[in-house]
Structure formats: C-alpha cells, structure tokens
Amino acid sequence: MKAGPDIAMVASLVGDPARANMLTALMTGRALTATELAHQAGITPQTASAHLGKLETGGLIEQEKQGRHRYYRLADPDVAGVLEGLAGLAARAGHMRVRTGPKDPALRRARVCYDHLAGDLGVQMFDSLKRQKLVRQQKQDIELTAEGRRFMAKALQIDEEMLAHPRRPVCKACLDWSERRHHLAGTLGAALMSRFTELKWAARDSTPGSRVVNFSHLGEKRFAALFGEAR
C-alpha cells in the first residue's frame, strides 16, 4: 500500500450521487438540516442520516446543534474548493446533468462558492484586481499588495484585521467550473462577498438550495466602477 493521503477514501465519499447532491447543496455556505439535505438528495431522512454520518466521519462536513435541531455545513472552505474543481472537471469531460433551467444563466453570471463570489462576475473581479495590481499572483501564490490594502480600506472599508485567520490565507485562487478560470477565495474573497451583501449591492437568491447571487441595479454600477472589464 502506498503511503500518503488516501485520495480514494475521499473520492468514494464524494462519488456517491446522494452524498454529492448533499455536498453541492452545502456549497451555498448555509447550514442545512438533515431533512433539508434529504430533500436536496431525493432520499429518505433515514438514508440521509447514514450518508451524513459517513461524510462527517470522513471530515468533509461538520454539525452544529441548536436546540432540538442539528445543522450541517462543509467542514472548511477547502472542501468547497475541491467540489468546485470537480465540477469544472466534470464539465470539461462532458459529464453534465440533463436537467437545465432558466436559472442556469444566472448561476453562470454570479453565484456563491461557499462564502465568496464565483461565476462570470467573480472571475471578472479577480482579473480586475490583478490588472489594477491590487493583488499579485506568482503561479499559485497570491498576495494583497500595499495598494490593494489601501484600496480595500478606502473603497470598501475592509481592513487587515478583518482578513486575519489562523488557518485560511488572505488570497487564494479557486478554479471556477463555469468559466474554467480562477475566481478569488480566501478571507479577502469572503470579506468582499460579505461587504457586497451589507451594502445591498447583491443578495443571495432565497430559493432553498440556490447558489445564485443577484446584483441590484445600483450594485452592478458600483461593482463595474470598481472591477469593470478592461476596454
């Protein structure tokens, strides 16, 4: 047996269709109950409980008890990054679900990837940050520049203290499944998405299980002013 990380074990957890559906539902970043996850997976609550136990034991999800209810969420942003990457691989290999709907264009335009902005607007924002030299990227290493720190503080009231985290980088590239390019994750990506919501520039779709992010007319204008595409 080869020593090192057990990729097969993780792959087997994600590879079951019901578990994959539950993990995808948790990509919204919201904590969901076992009943809600059972509905998302199209299985009974009893079957969902068994699957959730396996996912929790495998370290992919964690639960939080509140009163009589138990809520489940992804264990950390790295799990979301792996799921997003797998979605991109599946799309490139032609393994697409047959079901489509009117929300697909909205999902591709802007969606939440756990706690940060993904889709066309997420990729556009990351490209703009690099173009404006607000972040510096060298291969997989990304850092917020001094100019970037000033920009975040002045334009969006995001300071360095808000970005500090013991286990999570400030900037991280996350492969976007629909655009096949990177959007911004890390504490900065999360802080930006949170700030867009606080300013009412954007709001999460209220449909259960939806990852769509809708920008208001004002939000689109402000977003374009800060992160508009190069001309």
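Mentor: Let's begin with one cut-off: a residue is called buried when its relative accessible area is under 20%, and exposed when the figure is over 50%. Keep in mind too that this is a predicted model.

Trainee: Thanks! Is Cys 174 buried or exposed?
Mentor: The relative accessible area of Cys 174 is 6%. The limit is 20%, so a value of 6% makes Cys 174 buried.

Trainee: How many disulfides does the structure hold?
Mentor: Two sulfur atoms of cysteines must lie within 2.5 Å to count as a disulfide. Cys 113 has the sulfur of Cys 174 as its nearest cysteine sulfur, at 4.0 Å, and is in no disulfide. Cys 174 is in no disulfide either, its nearest cysteine sulfur being that of Cys 113. For the structure, the number of disulfides is 0.

Trainee: And is Cys 113 buried or exposed?
Mentor: Cys 113 has a relative accessible area of 0%. Anything under 20% qualifies, so Cys 113 is buried.

Trainee: Back to Cys 174: which residue in strand 9 stands opposite Cys 174?
Mentor: Look at strand 8 (residues 172-175) and strand 9 (residues 182-185), which run antiparallel and are joined by 4 bridges. Across from Cys 174, in strand 9, you will find His 183.

Trainee: Which residue takes a positive phi in the hairpin of strand 8 and strand 9?
Mentor: This hairpin has 6 residues between its strands. The positive phi, near 60 degrees, belongs to Arg 180.

Trainee: Now the open sheet. In what order do the 3 strands come?
Mentor: Strand 1 pairs with strand 3 over 2 bridges in the antiparallel sense, and strand 2 (residues 61-66) is joined to strand 3 (residues 69-74) by 6 bridges, again antiparallel. Strand 1 (32-33) and strand 2 are the edge strands, each pairing on one side only. The order is therefore 1-3-2.

Trainee: Which residue in strand 3 is the bridge partner of Glu 64?
Mentor: Start from Thr 33, which stands opposite Tyr 71 in strand 3. On the strand 2 side, Gln 66 faces His 69. The bridge partner of Glu 64 is Tyr 71.

Trainee: In the hairpin of strand 2 and strand 3, which residue has a positive phi?
Mentor: There are 2 residues between these strands. With a positive phi near 65 degrees, the residue you want is Gly 67.

Trainee: On to the helices: why are helix 2 and helix 4 said to be roughly perpendicular or not?
Mentor: The axes of helix 2 (residues 17-25) and helix 4 (residues 45-57) come within 10 Å and cross at roughly 75 degrees. In helix 2, Ala 18, Arg 19, Met 22 and Leu 23 meet a group in helix 4 that includes Ala 48, His 51 and Leu 52. Angles from 65 to 115 degrees carry one label, and the pair is therefore roughly perpendicular.

Trainee: Is Pro 17 buried or exposed?
Mentor: Pro 17 lies in helix 2. Its relative accessibility is 59%, and the threshold is over 50%, so Pro 17 counts as exposed.

Trainee: How many Å separate Pro 17 and Lys 130 in space, C-alpha to C-alpha?
Mentor: Along the sequence, the two are 113 residues apart. In space, the C-alpha to C-alpha distance is 37 Å.

Trainee: Which helix gives the most residues to the largest nonpolar core?
Mentor: That core has 31 residues, and Leu 192, Phe 196 and Phe 227 touch the most other members. Among the elements that give two or more residues are helix 7 (120-131), helix 10 (186-198) and helix 11 (217-227). With 5 residues, the top contributor is helix 10.

Trainee: How many residues are in the second, separate core?
Mentor: Its members include Leu 13, Leu 37, Ile 61 and Tyr 114. The count for this core is 27.

Trainee: Last one: is Ser 128 buried or exposed?
Mentor: Ser 128 lies in helix 7. Beyond its neighbours within four places in sequence, Ser 128 is in contact with Leu 226, Phe 227 and Gly 228. Phe 227 also touches others, including Met 125, Phe 151 and Leu 192. At a relative accessible area of 1%, Ser 128 is buried.

Technical notes. Residues numbered from 1 in each chain as written. Predicted model: local features only at pLDDT ≥ 70, side-chain atom pairs only at ≥ 80, totals over all residues. Heavy atoms only, no water. Core = buried A, V, L, I, M, F, W, Y, C linked by side-chain atoms within 4.5 Å. Buried < 20%, exposed > 50% of the residue type's maximum accessible area, 1.4 Å probe, protein only. Contact = heavy atoms within 4.5 Å. Axes fitted to C-alpha atoms, helices over the stretch in contact; angles between N-to-C directions. Parallel < 35°, antiparallel > 145°, perpendicular 65-115°, else oblique.
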